[in-house]
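User: I have a structure here and would like a close look at one part of it. Could you walk me through that part and how it sits among its neighbours?

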Amino acid sequence: MSDIFQEVEEEVRRERFEQLWKQYGDYVIAGVALIFIALSGYLLWDKYQNNERLKASETLIAAQELADSGDFTRANPAFATVAKDAPGGYAEMARLSEAGTLLRAGRRPEAIQLYKSIAAKDSGPIGAVALIRAGWAMAGNASRDDVANLLAPLTTPTSAWRHSAGEIIAYADYHAGQILRAQAEFQAIADDKDATDAMRRRADAMAKFLKQGGFANFGTVPPPPAPAGLPSPAVETPPGTPPK
C-alpha cells in the first residue's frame with residue numbers, strides 16, 4: 001500500500017511541476033537568457049575598459065617622455081588627448097602633467113589656470129596636489145594674499161595638506177620681504193610634530209637662515225690684507241676717479 005501512495009504522490013508532484021512550467025516556463029527561460037546576456041555584456045565592457053586603460057597608459061607614458069625630452073610642442077597635445085578621452089584617473093593625471101609641462105615651457109598663467117580648474121573639479125587628493133603646485137607656481141610672483149586665498153581649503157587644522165600649504169605661504173611672505181612673519185611660520189612648521197621629518201628639517205633650516213639675516217645686504221667685503229712684505233692687492237676704481 002505504501003508503494004501505491006508514494007506513486008500517487010509523485011504523480012501529483014509531476015503534474016504540479018508541469019502546470020507551473022507551462023505557466024512560468026517562458027519567464028524562467030527569458031530570465032536565464034537575460035542573465036547570460038548581461039554577463040556577456042559585462043565581460044565585453046570590461047574588456048573594452050581594459051583596452052581603453054591600456055591605450056591611455058601608453059599615450060600618457062609617450063607624452064611624458066616627450067615632456068622629459070623638452071618637446072613641449074608635442075607633449076601638450078598628447079596630454080590633452082588623454083585628459084579628454086581617457087577613463088577616470090588617467091585623465092586626471094594627464095591634466096596634472098599637462099599643467100606641469102605648461103609651467104616648464106614658461107607658460108605660467110596657463111599652467112596656474114589649469115591647476116585651478118583641476119582643483120575646482122576634484123576635492124580629493126588630485127585637487128589638493130593641483131592647489132599645492134599652483135601655490136608654488138604663484139609664490140614667487142603673486143601677492144601673499146592671493147597665495148593664501150588659493151590655499152585656504154588646505155590650511156584647516158584637520159587638513160593633511162596644511163603643512164605643505166603653510167610652507168608655501170611662509171615662502172610667499174619671505175619673497176614679499178615679510179621676514180619676521182616668514183621666520184615665525186617656518187618655525188611653527190619645524191616645531192609641529194605632525195609634520196614629516198623632511199619638512200620639519202627644511203622649515204627649521206629656513207627659520208634659522210632667516211633669523212641670521214637671510215639674504216640681507218651687509219655691505220661690501222673688504223679686500224684681504226696682503227702678506228707681510230707684499231704690496232696690498234690693487235682695488236679697481238671706477239673710471240674718472242681722480243688719483244689719490
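Analyst: Ring pairs join Trp136, Tyr171 and Tyr174 into a cluster, and that is a good place to start in this predicted model. The aromatic pairs come to two in total. One of them is Trp136 with Tyr171, a tilted pair whose ring centres are 5.8 Å apart and whose planes make an angle of 55°. Trp136 belongs to helix 5 and Tyr171 to helix 7 (residues 162-175), so this pair ties together parts that are 35 residues apart in sequence. Are these two rings buried or exposed? Trp136 counts as partly exposed, at 37% relative accessibility. Tyr171 is also partly exposed, with a relative accessible area of 28%.

That brings us to helix 5 itself, the part I would look at closely. Helix 5 covers residues 125-139, 15 residues in all. From first C-alpha to last, helix 5 reaches 21 Å, close to the 21 Å expected at 1.5 Å a residue. Of its 15 residues, 11 are buried, so helix 5 is largely enclosed by the rest of the structure. You can find the buried ones by clicking along the helix: Ile126, Gly127 and Ala128, then Ala130, Leu131 and Ile132, then Ala134 and Gly135, and finally Ala137, Met138 and Ala139.

What encloses this helix? Let's take its neighbours in turn.

Start with helix 7, the partner in the tilted ring pair. The axes of helix 5 and helix 7 come within 9 Å and cross at roughly 10°. With angles under 35 degrees counting as roughly parallel, helix 5 and helix 7 are therefore roughly parallel to each other. On the helix 5 side, the residues that meet helix 7 are Ile132, Gly135, Trp136 and Ala139. The spacing of such positions fits a general point: an α-helix has 3.6 residues a turn, so residues three or four places apart point the same way. From helix 7, the contacts are made by Ser164, Ala165, Glu167, Ile168, Tyr171, Ala172 and His175.

Ile168 is worth zooming in on. This residue lies in helix 7 and is buried, with a relative accessible area of 0%. Setting aside neighbours within four places in sequence, Ile168 is in contact with Ile132, Gly135, Trp136 and Ala139, and also with Val147 and Leu151. Ile132, Gly135, Trp136 and Ala139 are the helix 5 residues that meet helix 7, while Val147 and Leu151 are in helix 6. Ile168 and Arg144 are separated by 24 residues in sequence, and their C-alpha atoms are 9.7 Å apart.

Helix 6 (residues 144-151) is the next neighbour. Helix 5 and helix 6 pack at an angle of about 180°, with their axes 10 Å apart. That makes helix 5 roughly antiparallel to helix 6. Leu131, Ile132, Ala134, Gly135, Met138 and Ala139 in helix 5 face Asp146, Val147, Leu150 and Leu151 of helix 6 across this contact. Notice that Ile132, Gly135 and Ala139 take part here and also meet helix 7.

On the side that comes earlier in sequence, look at Ala119. This residue sits in helix 4 (residues 108-121) and is buried, at a relative accessible area of 15%. Not counting residues up to four places away in sequence, Ala119 touches Gly127, Ala130 and Leu131. Those contact residues are themselves buried in helix 5. Ala119 and Ala134 lie 15 residues apart in sequence and 9.5 Å apart in space, C-alpha to C-alpha.

Helix 7 has contacts beyond helix 5 as well, and His163 shows this. His163 is in helix 7 and is buried, with a relative accessible area of 10%. Leaving out neighbours within four places in sequence, His163 contacts Ile189, Asp192, Asp194, Ala195 and Met199. Between His163 and Phe186, 23 residues apart along the chain, the C-alpha separation is 9.7 Å.

Finally, here is the setting for all of this. The protein chain has nine helices and zero strands. Of its 244 residues, 29% count as buried, whereas in helix 5 the buried residues number 11 of 15. Among contacts between residues at least 6 apart in sequence, 42% join residues at least 24 apart. The accessible surface of the chain comes to about 16,900 Å², and 59% of that belongs to carbon and sulfur atoms.

Note on methods. Residues are numbered from 1 along each chain as its sequence is written. This is a predicted model: local features need pLDDT of at least 70, side-chain atom pairs count only at pLDDT 80 or more; totals for chains, interfaces and linings use all residues. Side-chain values use heavy atoms; hydrogens and water are left out. Helices (H or I, at least four residues) and strands (E, at least two) are DSSP runs, numbered from the N terminus. The expected span of a helix is 1.5 Å times one less than its number of residues. Buried means under 20% relative accessible area, exposed over 50%, partly exposed in between (1.4 Å probe, protein chains only). Rings of Phe, Tyr and Trp (its six-membered ring) pair if their centres lie within 6.5 Å; planes under 30 degrees apart count as stacked, over 60 as edge-to-face and the rest as tilted. Contact means heavy atoms within 4.5 Å. Accessible areas come from the Shrake-Rupley method with a 1.4 Å probe; for residues, only the protein chains shown count as cover. Axes are lines fitted to C-alpha atoms, for helices over the stretch in contact, and angles run from 0 to 180 degrees between N-to-C directions. Angles under 35 degrees count as roughly parallel, over 145 as roughly antiparallel, 65 to 115 as roughly perpendicular and the rest as oblique.
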